[in-house]
Amino acid sequence: MKELYAYTDGACSGNPGPGGWGALLIARDGDTVLKERELKGGEAETTNNRMELLAAINALEALDRASKIIVVTDSAYVKNGVTGWIDGWKRNGWKTAAKKPVKNEDLWRRLDEARENHDVTWEWVKGHAGHPENERADALARAGMKPFKPAKQKPE
């Protein structure tokens, strides 16, 4: 049975600071990999949470048709937000239970829209724990950040 996965990760050097996001899309039939696609990007001044969100957003936006997909993230913020908090935020006019504005509202709205056409299952995996696809997503995120990190100065 064919399954589609998106392994997503974000990285930041400083928080805020230069950051990157990465997504690894894999179509599988059982243990057989049918197709892979790597995505990455970054920003000069951002936060880790924004990069985690952008990884998931870009994975879903890269799909050219409605799909059943499993998004695997090491971000409890993303998983808990999209599976638990977002409906309340929308009902409350994008305010938290404490009546404060939702942080990263622009990206939460974009993620909400990106998931509309898909049947998405969200899974959390522990980051930096040797999970092969999560490690690849982390490497993509770091590669996406690289152009935005200042070059290290050599000592004179």
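1. Two residues are taken to be in contact when heavy atoms of theirs lie within 4.5 Å of each other. This note uses that meaning throughout, and the reader should keep in mind that the model is a predicted one.

2. With that meaning in hand, helix H3 can be described by what its hidden side touches, for its buried residues pack against H1, helix H2 (76-91) and strand E5 (119-124). Those buried residues of H3 are Leu 107, Trp 108, Leu 111, Asp 112, Ala 114 and Arg 115. They cover an arc of only 165 degrees around the axis, which places them on the same side of H3.

3. The pairing of H3 with H1 deserves a closer look. Two packed helices are described by the angle between their axes and by the distance between those axes. Helix H1 (residues 48-61) and helix H3 (residues 105-115) pack at an angle of about 25 degrees, and their axes are 9 Å apart. Because angles under 35 degrees count as roughly parallel, H1 and H3 are roughly parallel to each other. Their crossing is left-handed. On the H1 side the contact is made by residues including Leu 53, Leu 54, Ile 57 and Leu 60, while H3 contributes, among them, Leu 107, Trp 108 and Leu 111.

4. Helix H4 (residues 132-145) has 14 residues and reaches 20 Å from its first C-alpha to its last, which is close to the 20 Å expected at 1.5 Å a residue. Its buried residues are Glu 133, Asn 134, Ala 137, Asp 138, Leu 140, Ala 141, Gly 144 and Met 145. Seen down the axis of H4, these buried residues fall within an arc of 160 degrees, so they line one face of the helix. An α-helix has 3.6 residues a turn, so residues three or four places apart point the same way. The partners of the buried residues of H4 are strands, namely E1 (2-12), E2 (17-29) and E3 (32-46).

5. Within helix H4, Asp 138 is a useful residue to inspect. Asp 138 has a relative accessible area of 6% and is therefore buried, since buried means under 20%. Leaving aside neighbours within four places in sequence, Asp 138 is in contact with Asp 9 and His 128.

6. Ala 62, by comparison, lies in the loop between H1 and strand E4 (68-73). At 22% relative accessibility, Ala 62 counts as partly exposed. Apart from neighbours within four places in sequence, Ala 62 is in contact with Arg 37 and Leu 39. Ala 62 and Leu 39 are 23 residues apart in sequence, and their C-alpha atoms are 8.8 Å apart in space.

Technical notes:
Residues are numbered from 1 along each chain as its sequence is written. This is a predicted model: local features need pLDDT of at least 70, side-chain atom pairs count only at pLDDT 80 or more; totals for chains, interfaces and linings use all residues. Side-chain values use heavy atoms; hydrogens and water are left out. Helices (H or I, at least four residues) and strands (E, at least two) are DSSP runs, numbered from the N terminus. The expected span of a helix is 1.5 Å times one less than its number of residues. Buried means under 20% relative accessible area, exposed over 50%, partly exposed in between (1.4 Å probe, protein chains only). The arc is that of the directions from the helix axis to the C-beta atoms. Axes are lines fitted to C-alpha atoms, for helices over the stretch in contact, and angles run from 0 to 180 degrees between N-to-C directions. Angles under 35 degrees count as roughly parallel, over 145 as roughly antiparallel, 65 to 115 as roughly perpendicular and the rest as oblique. A crossing is left-handed if the near helix is turned anticlockwise from the far one by less than a right angle, and right-handed if clockwise.
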